[in-house]
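Please open the model in a viewer and keep the sequence at hand. The stops below are given in the order in which they may be selected.

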Amino acid sequence: MPSNPQNDFPEAFEICQKFDISEEQMREIVHRLTKEINMGLAKDTHPRAVVKCFITYVQDLPTGKERGKYLALDLGGTNFRVLLVTLKSESEINIESKSYAISKDLMEGPGKNLFDFIAECLASYCKEMHIEKENLPLGFTFSFPLQQVGINKGIMITWTKGFKCDGVVGKNVVELLQDAINRRGDLKVRIVAILNDTTGTLMSCAFANRNCRIGLIVGTGTNACYVEKTSNTEMFEGYQTSNKPNMIVNCEMGAFGDNGVLDFVRTSYDRAVDKQSINPKRQTFEKCISGMYLGELVRHVVVELMGKGLLFKGLNSQAIQEMWRFNTSYISDIESDAVGVHRQASMVMDQLGIRTNVEKDLECLRYICQTVSTRSAKLTSCALVCLINKMNSKDCSVGIDGGVYRYHPHYHRLLTENMNMLLKGSAKFELIVSEDGSGRGAALIAAVSA
Ligand code: ADP
Ligand code: MG
């Protein structure tokens, strides 16, 4: 039986209302983001812009004719990966990869240790694959804010997503890694390109879908890139005279709102999560959208209701009281239950030390999850519509990667519905899961820029 939140759990309803974003507010968000993007693109406003819109130096989309063998590194998500990508034909791409866990010590320690570790993983992988003697080009997917000054040169702006390594901000990351590789002396690898996962995702999708114009990540973090007219990318030296019409722009959209322009839709729960994060007052948009934070937002609401004796009455656990313990994957689990079923919800709470079968409580929990994930999807829809309008596109594909988009049972539908509501038929679009943007995309960029 579907619930009626207002009647069944009025206090939860009242809290969740604060997360609700109206159509009018969504249009205002699109408007504000457009303004921020224009500030990032223009030379005179770029230095103080919040949404930086970094140029990527990627001006060519794949033709489908790219071939060859490439190495790729993927740093900036849950796992660090080394990949060997072989572009054999338009339909045959072979990817082999290995993931390595990055310890908390490495994430928060000196940058040198991190880059030595990356080089060590690369070396051991190359030996395993018997390619250590080959002089292979490498594409480095580095998914943190980076001011690129060339296809293989980028200055680190700031760490995000739980990383905080000393001695990296302000430095050329390609050089830091190349130095670490050279220090070892057992590898012949050339870093030919550095890119963001959004750019890799766009390229990877565009290899098969020539109409792809946007790359979107909704994973641990969130960000997007799109195809801009070179003549609008004022931060590019030759923007007025370039013979290439397009430039992929990495919006660094996660920072949208860091100047307060999203405060009109943020809640006290957003502020609490921001405060406890490793990067307070930064990545405001990301903190409302991405996997690193959604579960924690749900947990805050749950804990407040429990504290007032309005949810899971008489029950408590250390786990539910602990920061970051409510994984975003739990939201997907809970929302996967059919209407009136609470099997997953019950299992999730059990994992958190709260054993209950009270239907009304579990239904309330689902309602809280829906509220938080729906708001995430609405905000992402605003971003996509903003980019579609910015490009004046009438029909394009969006390549998407990230655990939230891939695994949340309703995220794709929520995006589609909300985008259609905002676009009112003015443009068509297709949302496509982009396979392995960080690996295949890196190889493609290495190929087109070689
Ligand atoms: P990234 O490369 O940004 O880490 P991934 O595509 O690997 O992105 O996604 C991992 C993130 O996705 C995790 O940090 C988590 O927040 C989120 N995630 C993982 N599983 C699920 C799930 N079942 N439902 C929703 N989000 C998930
Ligand atoms: Mg990733």
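Begin with residues 68–75 and residues 136–142, which are strands β2 and β5; the two pair in the parallel sense over five bridges. The model is a predicted one. Within this pair, select Asp74 and then Thr141 of β5, its bridge partner.

Next, extend the selection to the sheet around the pair. Five strands make up this open sheet, and their order is β4-β3-β2-β5-β8, with mixed pairing. Which strands stand at the edges? They are β4 (93–100) and β8 (189–195); each has a single partner strand, so one side of each is left without a neighbour in the sheet. On average, neighbouring strands of this sheet are turned by 25 degrees against each other, direction ignored. As background, strands of a sheet pair through backbone hydrogen bonds, either parallel or antiparallel.

Now add residues 173–184, helix α6. This helix lies across β2, β5 and β8, and it runs at about 155 degrees to β8.

The next stops are internal spaces. Rolling a probe the size of a water molecule over the atoms shows where empty space is left. The structure holds two cavities of 30 Å³ or more.

For the largest cavity, select Ser143, Lys161, Asn223, Glu252 and Glu286, which lie nearest its centre among the 14 residues of its lining. The volume of this cavity is about 110 Å³. How many residues of its lining are nonpolar, polar and charged? The lining of the largest cavity has three nonpolar, seven polar and four charged residues.

Then move to the second largest cavity, which contains about 40 Å³ of space. Select Leu216, Thr222, Asn223, Met253, Gly254, Phe285, Ile289, Thr380 and Ala383 to display its lining. To place these residues in the fold, show β10 (222–229), α9 (284–289) and α14 (359–391), the elements that give two or more residues to the lining of this second largest cavity. Five residues of this lining are nonpolar and four are polar, while no charged residue takes part. Asn223 deserves a second look: this residue is one of those nearest the centre of the largest cavity, and Asn223 also lines the second largest cavity.

Finally, zoom out to the whole chain, with its 17 helices and 13 strands. Its radius of gyration is 22 Å, close to the 22 Å that the globule rule gives for 450 residues, so the chain is as compact as a globular protein of that length. Taken along the principal axes, the C-alpha atoms fill a box of roughly 65 × 50 × 40 Å.

Key
Residues are numbered from 1 along each chain as its sequence is written. Chains are lettered from A and ligands numbered from 1 in the order in which they are written. This is a predicted model: local features need pLDDT of at least 70, side-chain atom pairs count only at pLDDT 80 or more; totals for chains, interfaces and linings use all residues. Side-chain values use heavy atoms; hydrogens and water are left out. On a 1 Å grid over the protein atoms alone, a cavity is a set of points where a 1.4 Å probe fits but cannot get out, and a pocket is an open set with protein on both sides within 12 Å along at least five of seven lines; lining residues have an atom within 4 Å of a point. Grid points are joined across faces, edges and corners, and a volume is the space filled by probe spheres set on the points. Ala, Val, Leu, Ile, Met, Phe, Trp, Tyr, Cys and Pro count as nonpolar, Asp, Glu, Lys and Arg as charged, and the others, Gly among them, as polar. Helices (H or I, at least four residues) and strands (E, at least two) are DSSP runs, numbered from the N terminus. Two strands pair if DSSP finds at least two bridges between them. Axes are lines fitted to C-alpha atoms, for helices over the stretch in contact, and angles run from 0 to 180 degrees between N-to-C directions. Contact means heavy atoms within 4.5 Å. The radius of gyration is taken over C-alpha atoms; the globule rule is 2.2 Å times the number of residues to the power 0.38.
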